[in-house]
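Please take a look at the fold below and work through how its strands are arranged. The questions after it go from the sheets to single residues.

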Amino acid sequence: MSKLLSTLAVVMLFLATLALAPPSVEIKNDAFAPKTLTITAGQTVTFTNDDDDAHTVTATDGAFDSKGLDTNGRWRHTFTKPGTYAYYCQLHPFMKGTIVVKAVTQ
Ligand SMILES: [Cu+2]
């Protein structure tokens, strides 16, 4: 296999792994990671608080709210409709994140 082909194979494998991994957001160092997460309609996102501080996952428009998540606290939310969902932490309003929900392609 040429070097280019084997590099391509590694990239494809990496992308496949990403596609299969359940979508998740880590809350660490007063930030959401990734800051912007793109998923497909119907997928459930798991938010995990890896900080020593409590945090919330609260939609800017109030559509969803995890309420307080303590250290190691977990909250799941299923996004059924395509769109862009901005959220923040009520305890630290400077913490912001976005979930981009794409329509399911037939
Ligand atoms: Cu917070």
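The questions and answers below cover the sheets, the core and some backbone details.

This is a predicted model, in which local features need pLDDT of at least 70, side-chain atom pairs count only at pLDDT 80 or more, and totals for chains, interfaces and linings use all residues. Residues are numbered from 1 along each chain as its sequence is written.

Q: Which strands stand at the edges of the open sheet with the order 2-1-4-6?
A: Strands here are DSSP runs of E with at least two residues, numbered from the N terminus, and two strands pair if DSSP finds at least two bridges between them. The sheet has four strands with mixed pairing. An edge strand has a single partner strand, so one side of it is left without a neighbour in the sheet. The strands placed this way are strand 2 (31-33) and strand 6 (74-78).

Q: Which residue in strand 4 stands opposite E26?
A: Strand 1 pairs with strand 4 (residues 44-49) over four bridges. The sense of this pairing is parallel. Opposite E26, in strand 4, stands T48.

Q: Which strands stand at the edges of the open sheet with the order 3-8-7-5?
A: This sheet also has four strands and mixed pairing. Each edge strand has a single partner strand and therefore one side without a neighbour in the sheet. The edge strands are strand 3 (36-40) and strand 5.

Q: Which residue in strand 8 stands opposite Y85?
A: Strand 7 is joined to strand 5 (residues 58-59) by two bridges, antiparallel, and there A59 stands opposite Y87. Strand 7 also pairs with strand 8 in the antiparallel sense, over six bridges. In strand 8, the residue opposite Y85 is I99.

Q: Which residues touch the most other members of the largest nonpolar core?
A: A nonpolar core is a set of buried Ala, Val, Leu, Ile, Met, Phe, Trp, Tyr and Cys residues joined through C-beta atoms within 7 Å; buried means 20 or more other C-beta atoms within 10 Å of the residue's own, exposed means 12 or fewer, partly exposed is in between, and C-beta atoms are placed from the backbone. The core holds 15 residues, and the elements giving two or more of them are strand 1 (24-28), strand 7 (83-88) and strand 8. The members that touch the most others are V25, F47, Y85 and I99.

Q: Which two residues does the cis peptide bond join?
A: Most peptide bonds are trans. Here omega is about -5°, and P34 lies in the loop between strand 2 and strand 3. The cis bond joins A33 and P34.

Q: Is K67 buried or exposed?
A: K67 is in the loop between strand 5 and strand 6. Its phi is positive, about 65°, although K67 is not a glycine. Because K67 has 11 C-beta neighbours inside 10 Å, it counts as exposed.

Q: How many other C-beta atoms lie within 10 Å of D30?
A: D30 is found in the loop between strand 1 and strand 2. Its phi is near 55°, a positive value in a residue other than glycine. D30 is partly exposed because the number of other C-beta atoms within 10 Å is 13.

Q: How far apart in space are V104 and G42, C-alpha to C-alpha?
A: V104 is in the segment after strand 8 (96-102). Leaving aside neighbours within four places in sequence, V104 is in contact (C-beta atoms, placed from the backbone, within 7 Å) with T40, A41 and G42. V104 and G42 are 62 residues apart in sequence, and their C-alpha separation is 8.3 Å.

Terms used
Two residues are in contact if their C-beta atoms, placed from the backbone, lie within 7 Å.
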